[in-house]
Amino acid sequence: MKTKKVLLFDIDGVINKAHYFSKPYEQEFGVPRSEIRPFFQTDFIPCLTGKVDLKAILPPYLKKWKWKEDVNAFLHYWFAHDVKLDHELIGFVQTLRAKGYFCALASQQEQYRKNHLRETKGLKNKFDHFYCSSDIGFLKKDTRFFDAVVHDLKAKSLIKLVDEVVFWDDTRTCIATALESGMEAILFKENEDFIIYNF
């Protein structure tokens with residue numbers, strides 16, 4: 001096995017182990033998750049690639065979802081209820097960084113949640129870089145997402161070849177796309193899958 005220089009991690013389902021905020025929201029406000037889900041399958045998608053501002057499109061939905069406060073208060077509720085960072089895994093990442101590995105996040109996030117994760121939750125201090133779909137302009141099911149990541153890593157002189165990168169994600173379609181780009185990609189199921197990897 002070729003020695004890897006760059007380690008990439010998905011956030012939700014890997015570093016973040018929280019459930020979707022819609023579960024506590026349903027319990028608190030009586031709005032079924034089935035009424036919230038369509039937004040995230042349609043109008044929310046362009047937010048993930050930075051083409052639409054989330055705050056601009058949320059207000060009509062908030063009325064349907066019985067939210068009485070403003071958009072900023074809703075985002076605060078959402079982000080407070082769907083982030084539960086896995087500190088065991090993050091701690092292991094720190095040991096790898098100390099050994100010289102470049103450890104970065106590669107995730108689909110719209111800009112406000114990205115900033116919450118980076119700044120408020122402190123992930124900017126735990127990882128060397130954040131490759132985000134809203135900055136890159138493509139989702140991880142598109143090879144152009146990973147092409148952009150590889151291009152940046154080469155520009156930073158962190159790698160010469162794409163096979164010096166290994167990526168963990170809990171979604172099979174993202175794994176397939178990463179493999180297509182030429183990097184090693186591993187389906188994440190539990191922490192042990194990562195910890196036993198032969199670094």
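K156 touches H129 and Y131, when residues up to four places away in sequence are not counted. The model in which these contacts appear is a predicted one. K156 sits in the loop between helix 10 (143-155) and strand 4 (165-169). With a relative accessible area of 38%, K156 is partly exposed, because the range for that class runs between 20% and 50%.

The loop that holds K156 also holds S157, which is likewise placed between helix 10 and strand 4. S157 has a relative accessibility of 65% and therefore counts as exposed, the cut-off for that class being over 50%. The backbone of S157 deserves attention as well. Most residues other than glycine have a negative phi. S157, although not a glycine, has a positive phi of about 60°.

K66 shows a comparable feature of the backbone: this residue is not a glycine, yet its phi is positive, at about 65°. K66 is found in the loop between helix 5 (59-64) and helix 6. Its relative accessibility is 45%, so K66 counts as partly exposed.

From these loops the account may turn to the chain as a whole. The secondary structure of the protein chain comes to 12 helices and 5 strands. Its radius of gyration is 18 Å, close to the 16 Å that the globule rule gives for 199 residues, so the chain is as compact as a globular protein of that length. Taken along the principal axes, the C-alpha atoms fill a box of roughly 55 × 30 × 25 Å. Of the 199 residues in the chain, 45% are buried. Contacts across the sequence can be described in a similar way: among those between residues at least 6 apart in sequence, 67% join residues at least 24 apart.

The packing of the helices gives a more detailed picture. Two packed helices are described by the angle between their axes and the distance between the axes. Helix 6 (residues 71-81), which follows the loop of K66, takes part in two of the packings discussed here.

One partner of helix 6 is helix 1 (residues 22-29); the axes of helix 1 and helix 6 come within 9 Å and cross at roughly 120°. The two helices are therefore oblique to each other, since an angle of this size lies outside the range of 65 to 115 degrees that counts as roughly perpendicular and is not over 145, where roughly antiparallel begins. On the side of helix 1, the residues that meet helix 6 are P24, Y25, E28 and F29, and on the side of helix 6 they are F74, Y77 and H81. By class, this contact has 5 nonpolar, 1 polar and 1 charged residues.

The other partner is helix 8 (residues 111-120), which packs with helix 6 at an angle of about 55°, the axes being 11 Å apart. Helix 6 and helix 8 are therefore oblique to each other. The crossing in which helix 6 passes helix 8 is right-handed. Here L75, W78 and F79 in helix 6 meet Y112, R113 and H116 in helix 8. The residues of this contact divide into 4 nonpolar, 1 polar and 1 charged.

A further packing brings the account back to helix 10, the helix before the loop of K156. Helix 10 and helix 11 pack at an angle of about 50°, with their axes 9 Å apart. These helices are therefore oblique to each other, and helix 10 passes helix 11 in a right-handed crossing. The contact is made by T143, F146 and D147 of helix 10 together with C174, T177, A178, E180 and S181 of helix 11. By class, it has 3 nonpolar, 3 polar and 2 charged residues.

T177 may be followed further from this contact. It lies in helix 11 (residues 172-181). With a relative accessible area of 6%, T177 is buried, because buried means under 20%. Leaving aside neighbours within four places in sequence, T177 is in contact with K140, K141, D142, T143 and F146. T143 and F146 also belong to the helix 10 side of the packing described above.

H151 lies in helix 10 as well. Its relative accessible area is 59%, so H151 is exposed. H151 and S134 are 17 residues apart in sequence, and their C-alpha atoms are 17 Å apart in space.

Methods. Residues are numbered from 1 along each chain as its sequence is written. This is a predicted model: local features need pLDDT of at least 70, side-chain atom pairs count only at pLDDT 80 or more; totals for chains, interfaces and linings use all residues. Side-chain values use heavy atoms; hydrogens and water are left out. Axes are lines fitted to C-alpha atoms, for helices over the stretch in contact, and angles run from 0 to 180 degrees between N-to-C directions. Helices (H or I, at least four residues) and strands (E, at least two) are DSSP runs, numbered from the N terminus. Angles under 35 degrees count as roughly parallel, over 145 as roughly antiparallel, 65 to 115 as roughly perpendicular and the rest as oblique. A crossing is left-handed if the near helix is turned anticlockwise from the far one by less than a right angle, and right-handed if clockwise. Contact means heavy atoms within 4.5 Å. Ala, Val, Leu, Ile, Met, Phe, Trp, Tyr, Cys and Pro count as nonpolar, Asp, Glu, Lys and Arg as charged, and the others, Gly among them, as polar. The radius of gyration is taken over C-alpha atoms; the globule rule is 2.2 Å times the number of residues to the power 0.38. Buried means under 20% relative accessible area, exposed over 50%, partly exposed in between (1.4 Å probe, protein chains only).
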